Amino acid sequence: MTMTADLHAAVELHLGSFHLDVDLEVPAGQVLAVVGPNGSGKSTLLHVLAGLLRPARGTVRLGRHVLTDTTTGLLLPARERRIGLLSQDAALFPHLSALENVAFGPRSTGTRPRAARALAQQWLERVGMGAQARHRPGRLSGGQQQRVAIARALAAAPEVLLLDEPLAALDVQTAPQVRQLLAEQVRASGTTTVLVSHDVLDAVVLADHIAVLHEGQVAEHGPVARVLGAPRSPFAATMAGVNLLAGTGLEDGRVRTPLGDWQVSHDGAGPPAQAQVRPGQAMVLRIRPSAVVLGMERPEGANTARTTVRWVEPADGGVRVRLVGPPELVAEVPATEVDPAWLRSGAEVWVQVDPRRVLAGPAAGHESGAVVVPG
Amino acid sequence: MTTGVRTSEPATAGLTRPGRPAQVRGRLPVWVLALAVLAVATLVLPLVALFPRVEWASFPAAITSPEALFALGLSLRTGAVAVVCCLLLGVPLALLLARAPARLAAVLRTLVTLPLVLPPLVGGMALLYLFGRNGWLGQGLDLVGISVPFTPAAVVLAQTFVAMPFLVLSLEGSLRTAGDRYEQVAATLGAGSWTVLRRVTLPLVLPGLAAGTVLAFARAVGEFGATAMVAGNRPEVTQTVPMAIYTAFNGAGVDRDAALALAVLLVVVALVILIGLRDWRRRVAW
């Protein structure tokens, strides 16, 4: 097992009108998934960590080792950082065999060719590519290339591994196997890792913690299960596949939302003390799409609203109906309950949600500051 | 069987190889094709026209005469030395050119292209004024007893001058195509700049480097104008194959046969080199 150090980055950077301001820490051997919509600053952050971009202000530290410090003007070049990078395109050296690709890192850092090749062979066996050691990358499939790239990145024994959408280019049959392999090998090597991904599965399978970036800021952070189980930012909610409804707590325990004053049930998944609705407090309501019931007639009871269908898309076993916002709700309706009357854009419908299926928690942004992931 | 029933055997079976369906390509307009054929004729016919004129009976004698052998030897030796000079200086220049900021690169590229578009005669004249007895460098060299003009060294100088742009521009193109993606990856794997150059950058552009080297060698061996100015045409001293051809062709009677024989030899050698290069590139393609 490789000994790796904590990664700590507190950086600010301006790119045109974009402003990145992030303070995050990844304890040694842990995996942090950085998620967020396009343009939220994920790739910019990785480039700052890798030393390919100079931040306007801030530091990047690896244990006690300072990699970037704008107060002293220090910017350690990529090859001295011991930070490995794995992106969606495997970028194997096309003129070298799989074996020589993997041996490249050890050889570059002084291992003798024979020993480096032996090490590379071991790594190739570990990623299930031992038999293809002599093959040039051109003869390997996309999944095989990514396996070799994983071996190459880890064989260089980096202190930190940066994964930039590592599975985005693979087809749906290949991605799960490579994801599993990546998870196993990253765990086994104990390498401190930062993962950038769009895919909720990547975060669930690979990461210990999630940080949600929004417009260059950390909107939400915490253990994977907590963030996806009780999301409080729109992106985390979309990732987890739940509706978020923002509102304010009322005296009677209901929550005032743009759709009306809604009855809620207490948040079981979130931090316990914040479960109750407090008057005046900013709240987020979480509603699973399957809990949103649609109908043409005004329903009886609480938590109803009138809205319009934006569009309809296929979903497992039924249809997913996107409603006009804000707030934009998504309903999932089983095929057996689909009513052709509202199955079209522009149809007027009634929405109802059982209060027992409306989970309330405090809004994101109430805990500000660093993403400090407990070790 | 009734018509219209599809059999499992496709109708085109036998016309295409299994697993590799013939691709349907867009057709070029007829007049484009006609002009292209004309272009091929323009390039090839003159060379073909050389062959019927050769006296095959005297061909071996013509290319093994002492003068011809000397010219061949000198051309190969000076060409080889010139190519080494081109590689030694041209590879670093191409690397600089490919990595320089856009404005500097544009200036450098213009300078590199200049010898390519100048009449070689002008280049030779310029070299003569630089290395001649009264030239900037010539004066200095004269003090230490070195005189370059009209020596084999002058041949190498002229050949290097006209051949280097071929190598530099061809290599720069390959370097730009390769990009710096793999170099960045190599750096994250801990490779220093020399390792990156030796194990990633240069191997990646090897086909382009080989093509550039062959082009430069061919250009060096075929060099005439600049050589004539700066090295002269002294038999068995600075007389290269092109010079020998020129001299023989301008001579009377039988000497023309020798010129023709050497010319045909150059065409054949060039052809062999090009075919060899093509096969090699096919083999190393990844």
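This is a short walk through a predicted model with chains A and B.

Let me start with chain A as a whole. Chain A has nine helices and 22 strands. Its C-alpha trace spans about 75 × 50 × 40 Å along the principal axes. The chain has 375 residues, and 45% of them count as buried. Now the contacts inside chain A, taking pairs at least 6 apart in sequence. Of those, 67% join residues at least 24 apart.

How is chain A divided? There are two domains: domain 1 covers 7-228, and domain 2 covers 242-362. Between the C-alpha centres of these two domains of chain A there are 38 Å.

One residue from each domain, then. In domain 1, please look at Glu215(A). Glu215(A) sits in the loop between β10 (209-214) and β11 (217-223) of chain A. Its phi is positive, about 50 degrees, and it is not a glycine. As a reminder, most residues other than glycine have a negative phi. Is Glu215(A) buried or partly exposed? Glu215(A) counts as partly exposed, because it has 14 C-beta neighbours inside 10 Å.

In domain 2, I picked Thr307(A). Thr307(A) belongs to strand β17, residues 304-315 of chain A. What does Thr307(A) touch, once neighbours within four places in sequence are left aside? The partners are Leu323(A), Val324(A), Val349(A) and Val351(A). Thr307(A) has 19 C-beta neighbours inside 10 Å, so it counts as partly exposed. The cut-off for buried is 20 or more. For a sense of distance, take Ile287(A). It is 20 residues from Thr307(A) in sequence, and their C-alpha atoms are 16 Å apart.

Next, the interface. Here 17 residues of chain A contact 16 residues of chain B. On the chain A side, α2, β7 and α3 each supply at least two residues. That side divides into nine nonpolar, six polar and two charged residues.

Stay there, but cross over to chain B. Look at helix α8, residues 181-188 of chain B. Which residues of α8(B) are buried? They are Tyr182(B), Val185(B), Ala186(B), Ala187(B) and Thr188(B). And what covers them? The cover includes four elements of chain A: α1 (42-50), α2 (78-81), β7 (83-87) and α3 (98-108). It also includes α9 (193-204) of chain B itself. So α2, β7 and α3 of chain A turn up twice, at the interface and in the cover over α8(B). Just past α8(B) comes Gly190(B), with a positive phi of about 95 degrees.

Now the helix packing in chain B. The helix to follow is α7(B), residues 152-178. I have two partners for it.

Partner one is α4(B), residues 102-117. The two axes come within 8 Å and cross at roughly 130 degrees. That angle makes α4(B) oblique to α7(B). The crossing is left-handed. From α4(B), the contact uses Val112(B), Thr113(B), Pro115(B) and Leu116(B). From α7(B), it uses Phe161(B), Val162(B), Pro165(B), Val168(B) and Leu169(B). By type, that contact has eight nonpolar residues, one polar and no charged.

Partner two is α10(B), residues 206-222. The axes of α7(B) and α10(B) are 8 Å apart, at an angle of about 160 degrees. What does that angle make them? The pair is therefore roughly antiparallel, given that the cut-off is over 145. This crossing is right-handed.

The residue list here includes, from α7(B), Gln159(B), Val162(B), Ala163(B), Met164(B) and Phe166(B). Across from them, α10(B) brings residues including Gly208(B), Leu209(B), Ala211(B), Thr213(B) and Arg219(B). By type, this contact divides into 11 nonpolar, seven polar and one charged. Note Val162(B). It is in the contact with α4(B), and it is in the contact with α10(B).

One last stop, in the loop that leads into α7(B). Phe150(B) lies there, between α6 (136-143) and α7 of chain B. Its phi is near 65 degrees, a positive value in a residue other than glycine. Phe150(B) has 17 C-beta neighbours inside 10 Å, so it counts as partly exposed.

That is the tour.

Methods:
Residues are numbered from 1 along each chain as its sequence is written. Chains are lettered from A and ligands numbered from 1 in the order in which they are written. This is a predicted model: local features need pLDDT of at least 70, side-chain atom pairs count only at pLDDT 80 or more; totals for chains, interfaces and linings use all residues. Axes are lines fitted to C-alpha atoms, for helices over the stretch in contact, and angles run from 0 to 180 degrees between N-to-C directions. Angles under 35 degrees count as roughly parallel, over 145 as roughly antiparallel, 65 to 115 as roughly perpendicular and the rest as oblique. A crossing is left-handed if the near helix is turned anticlockwise from the far one by less than a right angle, and right-handed if clockwise. Two residues are in contact if their C-beta atoms, placed from the backbone, lie within 7 Å. Ala, Val, Leu, Ile, Met, Phe, Trp, Tyr, Cys and Pro count as nonpolar, Asp, Glu, Lys and Arg as charged, and the others, Gly among them, as polar. A residue is buried if 20 or more other C-beta atoms lie within 10 Å of its own, exposed if 12 or fewer, and partly exposed in between; C-beta atoms are placed from the backbone. Domain bounds come from an automatic or database domain assignment.
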